[in-house]
Amino acid sequence: MLEDIKNAIVEYLTNAKKSKHYFKDIEKAVKQKFPDASTRDIKKACNELVNEDKVAYFSTGSTTMYCLKGREAETTDME
């Protein structure tokens with residue numbers, strides 16, 4: 001199940017127009033695919049992706065966001 005959640009997170013981050021995402025946005029996207037996924041499992045999957053160097057943290061100074069590795073420098077009008 002954790003691998004499925006990780007794949008859903010990477011798919012969401014890859015296909016999203018924005019490059020940086022709040023955890024609640026990732027949680028919402030994962031729960032659309034896996035309604036039974038718990039917040040704890042989604043957070044654990046995010047942390048594992050960070051440790052695997054596939055996802056990076058992005059700090060705004062007051063909030064921590066997530067972004068796909070390699071898309072950190074991207075900006076859009078929506079951000």
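This tour goes through the aromatic rings of a predicted model, and then turns to the lysines placed over rings.

Begin by selecting F23 and Y66, which form a tilted aromatic pair whose ring centres are 6.3 Å apart, with 55° between the planes. If you then colour the secondary structure, you will find F23 in helix α2, which covers residues 23-33, and Y66 in strand β3, which covers residues 64-68, so the pair ties together parts that are 43 residues apart in sequence. With a surface switched on, F23 counts as buried because its relative accessibility is 14%, under the 20% limit for that class. Y66 is also buried, with a relative accessible area of 6%.

Keep Y66 selected and add Y57, which forms a tilted pair with Y66 at 5.4 Å centre to centre and with 50° between the planes. Y57 has a relative accessibility of 44% and therefore counts as partly exposed. These two pairings are the full count, since the total comes to 2 aromatic pairs. Showing F23, Y57 and Y66 together brings up one aromatic cluster, to which the three residues belong.

Next, clear the selection and pick K20 together with F58, where K20 lies over the face of the F58 ring, at 4.9 Å from the ring centre. For the last stop, select K24 and Y22, and look at the charged end of K24, which sits over the ring of Y22 at 5.9 Å from its centre.

Note on methods. Residues are numbered from 1 along each chain as its sequence is written. This is a predicted model: local features need pLDDT of at least 70, side-chain atom pairs count only at pLDDT 80 or more; totals for chains, interfaces and linings use all residues. Side-chain values use heavy atoms; hydrogens and water are left out. Rings of Phe, Tyr and Trp (its six-membered ring) pair if their centres lie within 6.5 Å; planes under 30 degrees apart count as stacked, over 60 as edge-to-face and the rest as tilted. Helices (H or I, at least four residues) and strands (E, at least two) are DSSP runs, numbered from the N terminus. Buried means under 20% relative accessible area, exposed over 50%, partly exposed in between (1.4 Å probe, protein chains only). A charge sits over a ring if NZ of Lys or CZ of Arg is within 6 Å of the ring centre and within 35 degrees of the ring normal.
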